[in-house]
Amino acid sequence: IFCFNETAATEIYTRSLVGSVRCVQETVLGLTQGPDNEKYRLVPVVENDTNKNLNHTMLIHLDYLLSYIANNTDEDASPFRVVISLQNFWSWSGGLAQYVHWHCDKRPIPYIADNHSEEEFVNYTAQFYHCAEAINKFKVRFTNLARRINTFSGVSYKNDPTIMAWELSYDSTPGINNVSYRNWIREMAEYIKGEDPNHLVTIGSSGPDADVNYRINSEIPEVDYMTANLWPEKRKWYDPKNSSTLANAKNETKTYLKRVLDIARLVRKPLVIEGFSLSRDNESCYPNSTTTMRDEYLQFALDLVFNYSKEQYISGVNLWGWSGRRYPSRPNQVWQKGDAITGDAPDEKQGMHSIYISDNTTMDIVHKLGTRMVDLPAYGPVPFFVWLILIVIG
């Protein structure tokens, strides 16, 4: 389950220890970009200027999280590992778009929240893949992180067994730059393995709908496992204002999962469904709203995952987005500095996809899936089945 702050991290961790999941895994966004006064992103950030040192105060939060997990996992608890995502394709953490702005294209970032089209934003951001200056800075920042000595444990990140993998960029997509995207994946995966041979590498791809070379890119030897995302509303499969469209969302989900699974079989690498959910009923952003449609969809989709996991290759599934006891300060509005940090991305309506601690029916569905999957055999280098996934930005 995605969430956005350190308190939620320990809350998810504590709940996982009493659950029946095979393994709990967090994805931590290791680098976030400023400036701190930029709109539509959580602040303060790790990287405020391309020529300055990283924000050590912010990285101490990441040190603490890794150390906390290492020191509080006992032999009887569910294994708990961290994937550090090095970047984010979307702008709510700065991400690749901020690197483009710093190094390649000084035009203002065309934010979708400012009524720019998604295509415009994607094509602006995808310039990153052929911007040598931005890529070189990305390598420097990865090296900074991999060689960092945890202030609590004294262990370097590249030697920390609590870390399972490095993800190149969450929800990455090539835009119109298919060749440069593939070259970047290969270059960065090789670079990471050269600096840190101890951990897995994954692309963070959003899947074959956005990447026409999804199979070829996944076959790069240094890429250890595959990812794909599943967002029925974004894909126009489901209209939250029209509950009758849920049947179409289910049909499209089944077709899409089979397509991705067929590719995973050909590539012969584990697959993680990384990030999916449905909005609350009628697209409500209020915590007391119902989740009937979301629960029905999650039950259907997670049943599919369970059945496909029995056939191997699907090794994990991630839900969006844990909010716990944190409720939106201004439901239905984008996040602003000073607002409560919920389970929704800062540039989206706060509360729409959040999973609260009071959403008992939703959490019961997740728990029951973990109970069913705990005895399934592991496949490949990613022996995890139900993953609770987390992004920490401070």
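This is a conversation between two people about how terms are applied to one predicted model.

Colleague: What should I know about the model before we begin?

Modeller: The model is predicted, so local features need pLDDT of at least 70 and side-chain atom pairs count only at pLDDT 80 or more, while totals for chains, interfaces and linings use all residues. Residues are numbered from 1 along each chain as its sequence is written, and side-chain values use heavy atoms, with hydrogens and water left out.

Colleague: What is the mean pLDDT of the protein, and which element has the lowest mean?

Modeller: The pLDDT is the predictor's confidence in each residue, from 0 to 100; its mean for the protein is 85, and 85% of the residues reach 70 or more. Among the elements, helix α1 (residues 6–17) has the lowest mean, 49, and α6 the highest, 97, where helices are DSSP runs of H or I with at least four residues, strands are runs of E with at least two, and both are numbered from the N terminus.

Colleague: Why is E195 called buried?

Modeller: Buried means under 20% relative accessible area, exposed means over 50%, and partly exposed lies in between (1.4 Å probe, protein chains only). E195 has 12% relative accessibility, so it counts as buried, whereas K158, with a relative accessible area of 23%, is partly exposed.

Colleague: What makes the pair of E195 and R147 a salt bridge?

Modeller: The term requires a side-chain nitrogen of Lys or Arg within 4 Å of a carboxyl oxygen of Asp or Glu, and the closest N and O atoms of E195 and R147 are 2.8 Å apart, so the pair qualifies. E195 is in helix α6 and R147 in the loop between α5 and β3, 48 residues apart. The side chains of K158 and E195 also meet in a salt bridge, at 2.9 Å from N to O, and because K158 lies in the loop between α5 and β3, this pair ties together parts that are 37 residues apart in sequence.

Colleague: Why is α3 described as largely enclosed by the rest of the structure?

Modeller: Eight of its nine residues are buried, so the description follows; among them are L96, Y99 and V100. The buried residues of α3 pack against α4 and α5.

Colleague: What makes a group of residues a nonpolar core, and how many residues has the largest?

Modeller: Such a core is a set of buried Ala, Val, Leu, Ile, Met, Phe, Trp, Tyr and Cys residues joined through side-chain atoms within 4.5 Å. The largest has 57 residues, and F128, W166 and W184 have the most contacts inside it.

How values were computed: Contact means heavy atoms within 4.5 Å.
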